[in-house]
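Biologist: Got a minute to go through this one with me? Pull it up and I'll start asking.

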Amino acid sequence: MKTGGANSREIHALSVYVANKPGVLARVAQVFSRRGFNIESLVVSPAMDGTFSRMTIGVSGESEVLDQLIRKVSKLVDVLHCTDHTYDDTVTKEMALIKLAVGSEDRAEALQISEHFGCKTVDLTENSMILMATGDPEKLDALVGMLSKFRMIELVNTGAVIMSRGEGET
């Protein structure tokens, strides 16, 4: 997964399967911090049975030491496995909420762009709108680029969630 724009850099997509207990996230994040990796995005949710959780972590840092980081995380007591899916065949999706300052003069164009990208308008006032967009990171980067002609008040992005295609395990 790559971030968009002129300053593109590679973001590794890690899946960490952990016990659903208090403090596990802090211990995992501490390993990343100690190794000098920056967590770019983090999505945590309970797995199917609720006993475990799945963390999807977007992380940037030196690729040469990523394998060491994965081994360190995998050794934590409450971690069942940590896998780098950066080059795997996966489905990768993000969700973004984008608040634009648009009056009646710009609204039609903003709605036309949002329709092209399959956005849903989740709030609309006289002077603003909130769009909800889902898709792969490149699609959302393209959408944000197209909407940059308007005054963007806020942008909230969930970060990537990934799932291996076919019989592959995430």
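Modeller: Sure, let's talk about the helices and the surface patches, and keep in mind that this is a predicted model.

Biologist: Okay, which residues of helix α1 are buried?

Modeller: In α1, which covers residues 24-34, the buried ones are Val24, Val28, Val31 and Phe32. Looking down the axis of α1, they sit within an arc of 100°, so they line one face of the helix.

Biologist: And what's exposed on the other side of α1?

Modeller: Ser33 and Arg34 are exposed there.

Biologist: What about Leu25, where is that one?

Modeller: Leu25 is in helix α1 as well. Its relative accessibility is 37%, so Leu25 counts as partly exposed, because the partly exposed class runs between the 20% limit for buried and the 50% limit for exposed.

Biologist: Which residues make up the nonpolar surface patch?

Modeller: Leu25 joins Leu42 and Val44 in that patch, and its area is about 210 Å².

Biologist: Switching topic to charge. Which residues gather in the patch of positive charge?

Modeller: On the surface you'll find Arg34, Arg35, Arg71, Lys72 and Lys75 gathered together. Arg34 is also one of the exposed residues of α1 we just talked about.

Biologist: Which helix gives the largest share of that patch?

Modeller: Helix α2, residues 66-75, with 3 residues. Lys75 lies in α2.

Biologist: Is Lys75 buried or exposed?

Modeller: Exposed: Lys75 has 68% relative accessibility, and the exposed class is anything over 50%.

Technical notes:
Residues are numbered from 1 along each chain as its sequence is written. This is a predicted model: local features need pLDDT of at least 70, side-chain atom pairs count only at pLDDT 80 or more; totals for chains, interfaces and linings use all residues. Side-chain values use heavy atoms; hydrogens and water are left out. Patches are made of residues with over 30% relative accessible area and no salt bridge: like charges are joined within 9 Å, nonpolar side chains (Val, Leu, Ile, Met, Phe, Trp, Tyr) within 5 Å. Accessible areas come from the Shrake-Rupley method with a 1.4 Å probe; for residues, only the protein chains shown count as cover. A salt bridge is a side-chain nitrogen of Lys or Arg within 4 Å of a carboxyl oxygen of Asp or Glu. Lys and Arg count as positive and Asp and Glu as negative; His and the chain ends are not counted. The place of a charge is taken as NZ of Lys, CZ of Arg, CG of Asp or CD of Glu. Helices (H or I, at least four residues) and strands (E, at least two) are DSSP runs, numbered from the N terminus. Buried means under 20% relative accessible area, exposed over 50%, partly exposed in between (1.4 Å probe, protein chains only). The arc is that of the directions from the helix axis to the C-beta atoms.
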